[in-house]
Amino acid sequence: QVVTQKDAVFRPHVLPIMVGTTVEWPNRDEIFHNVFSYSEAKQFDLGLYKEDKNVMTQVIFGKPGRVDAFCSIHSKMHCIILVLENPFFAGTDAKGAYAITNVPPGTYRLKAWHERLPSLTNEVTVPEKGEVKIDFVLGIKNLPQY
């Protein structure tokens with residue numbers, strides 16, 4: 001997996017991965033960047049580096065949880081690594097669509113997550129054959145009406 005630094009932005013902004021995954025952090029800008037995290041699930045600091053193919057920029061994520069990564073020079077650079085315990089996850093596309101494939105038949109709890117909204121969990125039963133469609137609408141409920 002790769003989180004690229006380009007135009008002083010981490011891409012992708014959110015990266016879901018499995019426990020044990022190695023993430024590479026290449027700098028594609030001509031300026032220095034740094035990648036660090038003080039998150040409980042993973043603490044690391046890659047130091048300052050420019051675009052250089054000889055710089056080791058890999059981090060192994062061995063514990064589940066949310067990892068917020070930042071650049072010490074550019075305060076607006078932030079991304080989130082979601083380290084998950086099973087392979088049944090997906091990010092959404094630009095229209096909010098997602099697909100999770102090869103899920104064994106059974107009943108599961110499917111959780112939709114957004115960094116700034118409350119998460120939502122729905123129970124889903126996956127049949128032996130066919131597809132299941134689950135839509136989520138995330139938002140803040142019970143706000144005062146004015």
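**Close-up views of a predicted model**

**View 1. Phe-10, Trp-25, Phe-44 and Phe-61 together make up one aromatic cluster.** The model shown here and in the views that follow is a predicted one. Across the structure there are 5 aromatic pairs, and one of them joins Trp-25 and Phe-44, whose ring centres are 5.9 Å apart and whose planes stand at 40 degrees, so that this pair is classed as tilted. Because Trp-25 is placed in the loop between β4 (21-24) and β5 while Phe-44 belongs to strand β6, the pair ties together parts that are 19 residues apart in sequence. Trp-25 is buried, its relative accessible area being 0%, and Phe-44 is likewise counted as buried, at 11% relative accessibility.

**View 2. The rings of Phe-36 and Tyr-38 form a tilted pair.** Here the ring centres are separated by 5.3 Å and the planes by 55 degrees, an angle that does not exceed the 60 degrees above which a pair would count as edge-to-face, so the pair is described as tilted. The two partners differ in their exposure: Phe-36, with a relative accessible area of 15%, is buried, whereas Tyr-38, at 64% relative accessibility, counts as exposed.

**View 3. Ser-37, a residue of strand β5 (residues 33-39), is shown with its surroundings.** With a relative accessibility of 1%, Ser-37 falls under the 20% limit and therefore counts as buried. Its side chain reaches the backbone oxygen of Lys-42 at 3.2 Å, and a polar atom of the Ser-37 side chain also lies 2.9 Å from the backbone oxygen of Asp-68. When neighbours within four places in sequence are left aside, the residues in contact with Ser-37 are Lys-42, Gln-43 and Phe-44, together with Val-67, Asp-68 and Ala-69. Of these, Phe-44 is also a member of the aromatic cluster with Phe-10, Trp-25 and Phe-61.

**View 4. Asp-68 and Arg-66 are joined through their side chains by a salt bridge.** The structure holds 1 salt bridge, and in this pairing of Asp-68 with Arg-66 the distance from N to O is 2.9 Å. Asp-68 is buried, with a relative accessible area of 16%, while Arg-66, with 36%, is partly exposed. The backbone oxygen of Asp-68, for its part, lies 2.9 Å from a polar atom of the side chain of Ser-37, so that Asp-68 appears in this view and in the preceding one.

**View 5. A nonpolar patch on the surface is formed by Phe-32, Leu-48 and Ile-73.** Together, these three residues present about 290 Å² of accessible area. Leu-48 is part of strand β6, which spans residues 42-49, and at 53% relative accessibility Leu-48 is over the 50% limit and so counts as exposed.

**View 6. Phe-88 is located in the loop between β9 (78-84) and β10 (106-114).** At 32% relative accessibility, Phe-88 counts as partly exposed. Although Phe-88 and Ile-100 are 12 residues apart along the chain, their C-alpha atoms are separated by 6.1 Å. Not counting residues up to four places away in sequence, Phe-88 touches Ile-100 and Thr-101 as well as Asn-102, Val-103 and Pro-104.

Conventions
Residues are numbered from 1 along each chain as its sequence is written. This is a predicted model: local features need pLDDT of at least 70, side-chain atom pairs count only at pLDDT 80 or more; totals for chains, interfaces and linings use all residues. Side-chain values use heavy atoms; hydrogens and water are left out. Helices (H or I, at least four residues) and strands (E, at least two) are DSSP runs, numbered from the N terminus. Buried means under 20% relative accessible area, exposed over 50%, partly exposed in between (1.4 Å probe, protein chains only). A polar contact is a pair of N or O atoms within 3.5 Å; within protein, one must be able to donate a hydrogen and the other to accept it, and residues adjacent in sequence count only if both atoms are side-chain atoms. Contact means heavy atoms within 4.5 Å. Patches are made of residues with over 30% relative accessible area and no salt bridge: like charges are joined within 9 Å, nonpolar side chains (Val, Leu, Ile, Met, Phe, Trp, Tyr) within 5 Å. Accessible areas come from the Shrake-Rupley method with a 1.4 Å probe; for residues, only the protein chains shown count as cover. A salt bridge is a side-chain nitrogen of Lys or Arg within 4 Å of a carboxyl oxygen of Asp or Glu. Rings of Phe, Tyr and Trp (its six-membered ring) pair if their centres lie within 6.5 Å; planes under 30 degrees apart count as stacked, over 60 as edge-to-face and the rest as tilted.
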